[in-house]
Amino acid sequence: MAVSNRPRWTRNALLVVCAIFICALAVAGWLIFDEATTSRRQAGWLSAQAPAIGYTVQPGATAQPRFPTTGPFDERLGYRRVPEFVQRLSAQGYELTAQARMSPRMVEFIDRGLHAPYRETVQAGLDVRDCRGDALALARYPQRVFDGFGAVPALLVDALLFIEDRHLLDAQHPMKNPAVEWDRFGKAVVGQGLRRLTGAHTAGGGSTLATQIEKYRHSAEGRTVSAEQKVRQMASASLRAYLDGTETLPRRQQIVVDYLNTVPLSAKAGFGEVNGVGDGLWAWYGRDFDEVRQALGAPRGAPAPSTAQALAFKQALSLMVAQRRPSHYLAEGEPELRKLTDAYLRLLADAGVITPSLRDVALTQPLRLQRGLPGSDAQSFVDRKAGTLVRARLQTLLGVSRAYDLDRLHLAVRSPLDGRVQHTATELLRGLADPKAAQAAGLYGFRLLDPGQDPSKLRISFTLYERGETGNLLRVQTDNFDQPFDLNDGARLDLGSTSKLRTLTTYLEMVAELHHRWSELSKDGLAALTIPSQDTIGRWAREQLLRDEERSLRHLLDQAMDRVYSASPAEGFHTGGGLHHFGNFDKVDDSRNMTLREALTRSVNLPFIRLMRDLVHHVTARGDGAHTVLIDDPNDPRRREFLARFADKEGREFLGRFHRQYAGKSPAEIETLLQRNARGTPSGLAAALYGMEPTADTARLRAFIAGRLTNSAPSDAALETLAARHGPDRWSLADRAYLAGVHPLELWVAAQLRAHPQAGWSEVVAASADARQASYEWLFKTRHKSAQDSRIRNLVELDAFTEIHAAWRRLGYPFDALTPSYASALGASGDRPAALAELMGIIVNGGLRLPVTRVESLRFARGTPYETQLARRPAEAERVMPAEVADVLRTALIGVVEDGTAKRLKGALVRPDGTPVTIGGKTGTGDQRFDVHGRGGVLISSRVVNRTATLVFLIGERHFGTLMAYVPEPHAAAYNFTSALPSQLLKALLPALQPLIDGTGCPAGVEPAAFAAAVLSVPR
């Protein structure tokens, strides 16, 4: 027997070490098991972090901004784009007023790669409020949610936990970490390892509901693509679970609610992204959410569950199952979804989660996805006008291209609109479609609606602004047009005599400019000025300054308003390229002379036609008087420059006409069209052919002539003669076209497009520069001096209107060109109500342009660590009109109400103390017609396209706006109302506006005294 040489104490020591090691392993195992079961230690550590994790909202911008960079939730709610939004808004007149400051500990966790730990919102969306805080537009996504754990049917909770996270609500372990199921996580780790080794093993994900929420909210594209990302999800969910302390059962219950409310369920046309079981039931099955909750909440012990409960449960269960591959199962994978749902019904019954009877009834219920969207009560566009207006402005401010994306932002907005007044005004305008209501509002009568006329054909647009600290505050904008189109700012309309206000404004500004240049001159200096005889305005201003001792600008402007003009329609006016005659609305005025003040008050046409002529002549004379020399001296070399401009201008017009005729046609079709248009003689056809095809031979010429003159084919000798007479290099373009009986540019276009059929408009214009000049070679010959003078005058007038247009444009005229005709003084160039309101705002604000404020403040991500607040900066006024001009115009506009075309508004509004509120305005009536003229300008037909009547108004010291009544074709021809109609409409609206005017509604704007001081401080 062998005897060991090892000492006994050594063997004992080894036994002790082994025992200690085994005990240590046992203790470690017990600790791991205990921690995996109870989470008590991680609960203590993680909950201890909570007091240091947080954020506060403070004035100004944060010094440590941390915004998410990925994640569907952060993208959809706009958190990722907050810095971009701030930058855009700052460039558009807004300032950052407050922002969330994250605690250092929260910043630390985010910098380590965790998702920001805070209590996230489930339901968000665009929230637009008016000046009182009432809702104008309210979007909530998801739309249908469970309000809390108690609102979720137990049947739904049990089914969800069985499928996704069976031990989540284990009440025996109050400190349980909901982010980790250690057995599932272990299996997932082993499975992933085997899959990497073998490449064939199927590996589970091991996600709990808590980590799934982290994934589809904050991970890129809502997916887990790496182990690192999975750990980040688990850590983030763990930290979030203990924000309220060590006991997590309430948080675990909330996880169930959050998951059911937000789980992604693909997207559906007409609805967009579907999130949450509530929206999923409505979008995919057309189910009413309350009905489903009621059915699922029925007692579970009933011996025979109802078919309603069974169907509701089956549909909800199918959505829980579909979330694993929603874009597949809720589309082409619908048959697979049915089988999978039935399989889960059996599993749930086998596990005792549902009763066999519920299983059996549910299995018999059909599961059919609804391809369309269920019907819903459509809200009128009229009802949504205010919210739509603000949303459209927000899209521009934020650079959000789709209203869909805007509505899903976590954003609260405050608008200066007064929702209550807006609603009252909208209801009044809509109600006027009823003849009884229209009668009660006084809309029938002289120059209004005729007895028996249908008021429902009237489209009425109304806008009201108030001067405020951040600009002109939009208080009301509405219409009775049940379409998304905005009549106020979306159409080009003939608004008639409202253009007289623009014309008068330009005139007074020109007088103010002369005062600025000449008021400091001595009488000798004034007398020495050389002023062309046709510059009536300049000559009058000099004589006035010479005669009057009073040289103030206000005095000169008042005198300018008292200048007398004839209202006679007998005179013809060379304007717009022809001789035109104009008439007055009231024939009583035809034989009168009147001041401009009276002409504006009574809205008489001819004084303003003559005033516009004076403006054109004044603008022309402000140069060096070159046009006079050009007309008087036929040898002035500058004449050719003007004539070349005319040839280019008119040539482009003819070029466009012929390009439209010939573009898109084949060479054969071009040939046939030119053949038909040319003079029907062998000589004319030969000239046309060689202009189009210079290399044509006599055989080609014979065929071309025969195509038009089938019974008179020329002989061979005649063909040779025609070819010699009309062949290449025989005639200029103009002469050849004359022989062919067509316009030179028609001949050139036919040749160009026959050779280059694919040439577009820009290419044709570029290639035709020489041809356009060649077409007018006759005009450059001195024997045509009268024709040249006529065209030079045309261009001089065009240049003058370009300058007048610039003056109009500076004051808000919305279009890129002005019709070069004196008729622009009567509305021929069109206008928009919103643009007229801008001009009225400048007048009310003493010559200052203030920005229009439709959005006063924005609050992004309220109740999150990304919260950011912005507000409109106080208005930066721009001086665009002398204050004296604005004051004279305001006085004149008040005269229109006191004794003119808007007299029915006189005294129509009284303050609570009995004092009348001053009202002023300018009226305008327009018929927009489509006229067809024949040779010699003979009118062949005329069709009324629309009839408009407009009032641009001011009320008191702060309020102004526009009101327009409009009838489109085919009804327009039957109506003959005038601008008396919008005046009466405003009178009917005034009671609804009283709270705003009195300042008892929304917070009042800037008071007159304070604003007067501000006006004086802005440089002239």
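Helices and strands are taken here as DSSP runs, of at least four residues (H or I) for a helix and at least two (E) for a strand, and are numbered from the N terminus. With that in mind, select Pro142 in this predicted model, which lies in the loop between β4 (135–138) and α6. The peptide bond that joins Tyr141 to Pro142 is cis, with omega at about -10 degrees.

**The whole chain**

Zoom out before going further, and colour the model by pLDDT. The average over the chain is 85, and 85% of the residues score at least 70. Residues 929–945 have a pLDDT below 50, although this stretch has 32 contacts in the model beyond near neighbours in sequence. Where pLDDT is low, the predicted coordinates should not be read in detail. In a cartoon view the chain shows 41 helices and 21 strands, and of its 1020 residues 50% are buried. Among contacts with a separation of 6 or more, 71% are between residues 24 or more positions apart.

**Aromatic rings**

Next, show the side chains of Phe, Tyr and Trp; a search of the whole structure finds 15 aromatic pairs. One of them joins Phe73 and Tyr79, whose rings meet edge-to-face at 6.0 Å centre to centre, with 70 degrees between the planes. Phe73 and Tyr79 are both buried. Now select Tyr465 and Phe960, a stacked pair with 5.4 Å between the centres and 15 degrees between the planes. Because Tyr465 belongs to strand β8 (residues 459–468) and Phe960 to strand β21 (residues 959–968), this pair ties together parts that are 495 residues apart in sequence. Tyr465 counts as buried at 3% relative accessibility, and Phe960 is buried with a relative accessible area of 1%.

Return to Phe73 and Tyr79 and add Phe67, Tyr118 and Tyr866 to the selection: ring pairs link these residues into a cluster. Two arginines also deserve a selection with their ring partners. Arg166 lies over the face of Phe162, 4.0 Å from the ring centre, and the charged end of Arg325 sits over the ring of Tyr329, at 5.8 Å from its centre.

**Helix α12**

Select residues 289–296, which form helix α12, and mark its buried residues, Phe289, Val292, Ala295 and Leu296. If you look down the axis of α12, these buried residues fall within an arc of 130 degrees, so they line one face of the helix. An α-helix has 3.6 residues a turn, so residues three or four places apart point the same way. To see what the buried residues of α12 pack against, add α6 (154–164), α11 (277–285) and α13 (307–322). At the N-terminal end of α12, Asp288 acts as a cap, with a side-chain oxygen 3.1 Å from the backbone nitrogen of Asp290.

**Helices α31 and α32**

Move on to helix α31 (residues 698–708), where Arg700, Leu701, Phe704 and Ile705 are buried. Viewed down the axis of α31, the buried residues fall within an arc of 130 degrees, so they line one face of the helix. They pack against α29 (667–677), α30 (682–692), α32 (716–726) and α34 (744–755). The N-terminal end of α31 is capped by Asp697, which has a side-chain oxygen 3.3 Å from the backbone nitrogen of Ala699.

From there, step to Leu722 in helix α32. Which residues does Leu722 contact, leaving aside its neighbours within four places in sequence? They are Pro682, Ser683, Ala686, Leu701, Ile705 and Gly727. Leu722 is buried, with a relative accessible area of 8%, and its C-alpha atom is separated by 8.5 Å from that of Ala687, 35 residues away along the chain.

**A stop in helix α21**

Thr506 is found in helix α21 (residues 498–518) and is buried, with a relative accessible area of 3%. Not counting residues up to four places away in sequence, Thr506 touches Leu615, Ala807 and Trp808.

**Positive phi in two loops**

End with the backbone. Arg447, in the loop between α20 (435–440) and β8, has a phi near 65 degrees, a positive value in a residue other than glycine. Ala861, in the loop between β16 (857–860) and β17 (868–872), has a positive phi of about 55 degrees although it is not a glycine. Is each of these residues buried or partly exposed? Arg447 is partly exposed, with a relative accessible area of 34%, whereas Ala861 is buried, with a relative accessible area of 0%.

Definitions and conventions:
Residues are numbered from 1 along each chain as its sequence is written. This is a predicted model: local features need pLDDT of at least 70, side-chain atom pairs count only at pLDDT 80 or more; totals for chains, interfaces and linings use all residues. Side-chain values use heavy atoms; hydrogens and water are left out. Rings of Phe, Tyr and Trp (its six-membered ring) pair if their centres lie within 6.5 Å; planes under 30 degrees apart count as stacked, over 60 as edge-to-face and the rest as tilted. Buried means under 20% relative accessible area, exposed over 50%, partly exposed in between (1.4 Å probe, protein chains only). A charge sits over a ring if NZ of Lys or CZ of Arg is within 6 Å of the ring centre and within 35 degrees of the ring normal. The arc is that of the directions from the helix axis to the C-beta atoms. Contact means heavy atoms within 4.5 Å. A polar contact is a pair of N or O atoms within 3.5 Å; within protein, one must be able to donate a hydrogen and the other to accept it, and residues adjacent in sequence count only if both atoms are side-chain atoms. pLDDT is the predictor's confidence in each residue, from 0 to 100.
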